[in-house]
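Grab a pencil and keep the 3D view open. Below are some short exercises, each with a solution worked out step by step.

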Amino acid sequence: MENSVSGFSKFTKAEKIDWLIANHFQNNPKAKADLERYWNTDEVLQKLHDEFTENTISNFYLPFGVAPNFLINDKMYVIPMTIEESSVVAAASNAAKFWMERGGFKAEVLSTTKVGQVHFMFHGAFSELEALFKTIKPQLFEETKAITKNMEARGGGILDIALMDKTEKLSGYYQLHTTFETKDAMGANFINSCLEQIATTFKSCSKDIQVVMSILSNYVPDCLVRAEVSCKVDALATNTYTGQEFADTFLQAVRIAEIEPYRAVTHNKGIMNGVDSVVLATGNDFRAVEAGVHAYAARSGSYSSLTHASIEDGAFKFWIELPLALGTVGGLTGLHPLVKTALELLGKPSAKELMEIVAVAGLAQNFAALKSLTTTGIQQGHMKMHLLNILNQFEANATEKIHLIEHFKTHTVTHSAVVEAIENLRA
Ligand code: MEV
């Protein structure tokens with residue numbers, strides 16, 4: 001096939017780039033220069049990044065921002081956030097300050113159980129399978145000992161292995177539904193290694209067992225954290241709204257997200273702005289978190305809000321419950337220098353403490369979004385934060401930037417207004 005390549009992974013980095021430039025960039029030297037411009041001059045650091053994944057040709061930067069003033073369970077945090085979207089970090093910082101002055105966030109880990117499954121087919125009598133499972137269950141634990149030894153020393157390990165009959169949904173389909181405690185590790189490799197050993201032991205006891213696959217589940221409804229803020233309704237008053245007006249409209253916005261999936265998706269997307277950026281900064285797997293969180297949001301059968309709110313006896317309460325499988329040891333956490341910095345900034349938290357911090361970041365983000373949406377509208381703040389991006393897009397120089405930032409302190413930022421102001425200035 002035209003433009004196909006074999007042995008690409010064996011090419012050196014320079015050879016990979018040369019092949020790409022010749023075959024996909026019409027030998028344009030600028031494309032090559034752009035890739036090389038993002039190489040780190042520190043060769044050791046560059047090699048470390050190259051080796052995180054495969055076929056690496058350059059680095060892809062994301063901003064590493066921080067949101068100060070987070071009071072969580074009476075402890076102050078500066079939260080690291082890796083995200084490209086303007087106004088997310090500002091919104092988190094604003095919400096942090098707002099709630100710091102009203103008692104801060106309370107967060108609590110409700111459970112830490114993770115799940116993995118051996119999916120297999122069996123077409124004999126269920127009673128026969130059940131008896132077989134009962135007999136072999138101790139051996140399933142025994143033969144994973146070499147893998148679980150270290151985790152058990154840290155207080156974790158395999159909690160249980162249960163035989164699940166799924167034949168009503170798929171003929172002959174069963175699972176060994178296995179639960180784990182993985183302490184400060186996210187545990188994906190540990191869980192998958194255990195499952196593969198369990199599968200090997202299990203299938204060796206009967207030729208009628210056909211193992212289809214063994215893999216952890218990223219759905220972790222029993223690895224759950226809750227974060228909350230509360231205050232007197234009166235303490236929510238702004239220059240324009242009474243506390244009651246603010247709280248009532250805010251509550252309606254939450255109710256809409258609870259019952260209307262179109263709104264719930266955007267509402268939860270805003271929550272994930274906070275969640276993902278901390279998950280990413282701390283070297284965790286944001287795809288796993290995303291998949292698990294959205295499944296949780298749809299657990300009733302209808303996609304719904306991850307946050308909830310109430311007004312009772314003059315008190316406003318706003319909370320979130322999130323399934324989060326996070327680690328503060330293993331994976332990238334000990335490898336990526338900025339991940340180490342992020343974890344150090346957070347005071348080297350345990351995985352449970354990190355779950356609390358991440359849930360708070362999500363709640364704070366949602367509070368800030370709903371506060372804007374139900375009062376000024378989102379664009380006023382967002383476009384102000386986005387102004388620099390538009391100026392950069394038009395390659396504004398330093399003097400132009402100073403002038404235009406000053407101008408837009410008193411004018412509404414829209415894309416066309418910025419373009420017009422740049423044109424007027426340049427004319
Ligand atoms: C934008 O990234 C996030 C928001 O749309 C969230 C929301 O609407 O709640 C502002």
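Before we start, a helix here is a DSSP run of H or I with at least four residues, and helices are numbered from the N terminus. Also keep in mind that this is a predicted model.

**Exercise 1. Find which helix gives the most to the shell around the ligand.**

Step 1: List the neighbours. The ligand has Glu85, Arg263, Thr266, His267, Lys269, Gly270, Asn273, Ala369, Leu373 and Ile378 around it.

Step 2: Look for elements that supply two or more of these residues. They are helix H9 (261-281) and helix H12 (351-373).

Step 3: Pick the winner. H9 gives the most, with 6 residues.

**Exercise 2. Sort the shell around the ligand by residue class.**

Step 1: Go back to the neighbours and label each one. Arg263 is one of the charged ones, Gly270 goes with the polar ones, and Leu373 is nonpolar.

Step 2: Tally up. The shell has 3 nonpolar, 4 polar and 3 charged residues.

**Exercise 3. Which side chains have an N or O atom close enough to a ligand oxygen for a polar contact, taking within 3.5 Å as the cut-off?**

Step 1: Try Glu85. An N or O atom of its side chain is 2.6 Å from an oxygen atom of the ligand, so this pair is within 3.5 Å.

Step 2: Try Lys269. Here a polar side-chain atom lies 2.7 Å from a ligand oxygen.

Step 3: Try Asn273. The distance from an N or O atom of its side chain to an oxygen atom of the ligand is 2.9 Å.

Step 4: Check how covered the ligand is. On its own it exposes 300 Å², and the protein buries 81% of that. As for its place, the ligand sits in the second largest pocket.

**Exercise 4. Describe the largest cavity and what lines it.**

Step 1: Count the cavities. There are 3 of 30 Å³ or more.

Step 2: Take the largest cavity, with a volume of about 50 Å³. Its lining includes Met186, Asn218, Val220 and Ala325.

Step 3: Ask which helix helps most. Helix H10 (residues 286-297) does, giving 3 residues to the lining.

Step 4: Sort by class. You get 7 nonpolar, 2 polar and no charged residues.

**Exercise 5. Now do the second largest cavity: which strands each supply at least two lining residues?**

Step 1: Note the space, about 40 Å³.

Step 2: Read the lining, with Lys114, Val115, Leu216 and Ser217 among the residues.

Step 3: Match residues to strands. Strand E4 (114-121) and strand E7 (210-217) are the answer.

Step 4: Tally the classes, which gives 6 nonpolar, 2 polar and 1 charged.

Definitions and conventions:
Residues are numbered from 1 along each chain as its sequence is written. This is a predicted model: local features need pLDDT of at least 70, side-chain atom pairs count only at pLDDT 80 or more; totals for chains, interfaces and linings use all residues. Side-chain values use heavy atoms; hydrogens and water are left out. A residue is near a molecule or strand if one of its heavy atoms lies within 4 Å of it. A polar contact is a pair of N or O atoms within 3.5 Å; within protein, one must be able to donate a hydrogen and the other to accept it, and residues adjacent in sequence count only if both atoms are side-chain atoms. Accessible areas come from the Shrake-Rupley method with a 1.4 Å probe; for residues, only the protein chains shown count as cover. On a 1 Å grid over the protein atoms alone, a cavity is a set of points where a 1.4 Å probe fits but cannot get out, and a pocket is an open set with protein on both sides within 12 Å along at least five of seven lines; lining residues have an atom within 4 Å of a point. A molecule sits in a cavity or pocket if more than half of its atoms lie within 2 Å of its grid points. Grid points are joined across faces, edges and corners, and a volume is the space filled by probe spheres set on the points.
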